[in-house]
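Colleague: Could you take me on a close look at the core of this protein, and then show me how the parts around it are put together? I would be glad of one connected account.

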Amino acid sequence: MNLETSKSLGESVTLPVGKHRWLMGMKWRSNDDAPDKDQLKAEVESLGAKWVATRLSDEVIQLGFSEGISGDRSKVYSLAALLADSYKHPWAGSFDLGEGAWWYIAVRDNYSIMPSGDLVGTKEQIE
């Protein structure tokens with residue numbers, strides 16, 4: 001398994017599957033309204049983020065932040081954003097990524113990813 005990592009905002013990894021790379025380990029914030037360009041820029045700068053994922057739906061408005069991973073930026077998607085509304089909320093799960101890495105996802109009411117509910121670490125750190 002080929003995991004690429006970044007550690008600034010907390011460890012983030014990408015996992016290649018097919019034509020896409022799935023990003024795990026973002027820090028999530030819920031918003032009442034979709035942020036405008038200036039608000040988003042200010043949040044990105046305050047967190048030192050390079051990558052942002054946006055979740056806009058009838059249930060939730062969320063922004064996920066990551067320092068990002070070096071290399072090709074095309075076809076990188078947030079796995080937590082994809083899976084957050086896959087099960088009846090609230091729910092949580094941990095998944096073995098191989099090479100000693102584990103991923104934890106926690107989803108609360110309205111299918112919101114918890115602020116620290118998208119974590120990558122060792123099994124001991126996740127537990």
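Modeller: Happy to! The largest nonpolar core has 21 residues, and the members that touch the most others are Met24, Trp28, Ala80, Leu97, Trp103, Ile105 and Val120. Two or more residues come from each of strand 2 (12–17), strand 3 (20–24), strand 5, helix 2 (79–83), strand 8, strand 9 and strand 10. Strand 9 gives the most, with four residues. Please keep in mind that this is a predicted model.

Trp103 is a good place to stand and look around. Leaving aside neighbours within four places in sequence, Trp103 is in contact with Met24, Gly25, Leu79, Ala80, Leu83, Gly93, Ser94, Phe95, Leu97, Asp118, Leu119 and Val120. Met24, Ala80, Leu97 and Val120 in that list are also among the core residues that touch the most other members.

One of the contacts of Trp103 is Gly93, a residue of strand 8. Gly93 counts as buried because its relative accessibility is 16%, and the cut-off for buried is under 20%. With residues up to four places away in sequence left out, Gly93 touches Trp103, Tyr104 and Ile105. Gly93 and Ala106 are 13 residues apart in sequence, yet their C-alpha atoms are 6.6 Å apart in space.

The pairing of the strands gives the setting for those contacts. Strand 8 (residues 91–98) and strand 9 (residues 101–107) run antiparallel and are joined by seven bridges. Along this pair, Trp91 has Val107 of strand 9 as its bridge partner, and Ala92 stands opposite Ala106 in strand 9. The hairpin of strand 8 and strand 9 has two residues between the strands, and Glu99 takes a positive phi there, near 55°.

Strand 8 and strand 9 belong to an open sheet of three strands with the order 8-9-10 and antiparallel pairing. Strand 8 and strand 10 (113–121) each have a single partner strand, so they stand at the edges and one side of each is left without a neighbour in the sheet. From one strand to the next, the twist averages 10°.

Let us now move to another sheet. It is open as well, with three strands in the order 4-6-5 and antiparallel pairing. Strand 4 (27–30) and strand 5 (51–56) are its edge strands, each pairing on one side only. Neighbouring strands here are turned by 20° against each other on average, direction ignored. Strand 4 and strand 6 (residues 61–66) run antiparallel and are joined by four bridges; in one pairing, Arg29 has Leu63 of strand 6 as its bridge partner. Strand 5 is also among the elements that give two or more residues to the core.

Helix 1 lies across strand 4, strand 5 and strand 6, and runs at about 35° to strand 6. Both ends of this helix have a detail to look at. At its start, a side-chain oxygen of Asp36 comes to within 3.1 Å of the backbone nitrogen of Asp38, the helix covering residues 37–47. After the helix comes Gly48, with a positive phi near 70°.

Ser78 brings us back towards helix 2. Ser78 lies in strand 7 (residues 76–78), and it counts as buried because its relative accessible area is 10%, against a cut-off of under 20%. A polar atom of the Ser78 side chain lies 3.1 Å from the backbone nitrogen of Ala81, and helix 2 spans residues 79–83. Not counting residues up to four places away in sequence, Ser78 touches Trp22, Leu23, Met26, Trp28 and Ala53. Trp28 in that list is one of the core residues that touch the most other members.

To set these parts in the whole chain, the protein has three helices and 10 strands, and from the N terminus on the elements run β-β-β-β-α-β-β-β-α-β-β-β-α. Of its 127 residues, 40% count as buried. Among contacts with a separation of 6 or more, 51% are between residues 24 or more positions apart. The protein exposes about 7400 Å², and carbon and sulfur atoms supply 49% of that area.

Key
Residues numbered from 1 in each chain as written. Predicted model: local features only at pLDDT ≥ 70, side-chain atom pairs only at ≥ 80, totals over all residues. Heavy atoms only, no water. Buried < 20%, exposed > 50% of the residue type's maximum accessible area, 1.4 Å probe, protein only. Polar contact = N/O pair within 3.5 Å; in protein donor to acceptor, adjacent residues only side chain to side chain. Contact = heavy atoms within 4.5 Å. Areas by Shrake-Rupley, 256 points an atom, 1.4 Å probe, with all protein chains shown as cover. Pairing = 2+ DSSP bridges. Axes fitted to C-alpha atoms, helices over the stretch in contact; angles between N-to-C directions. Core = buried A, V, L, I, M, F, W, Y, C linked by side-chain atoms within 4.5 Å.
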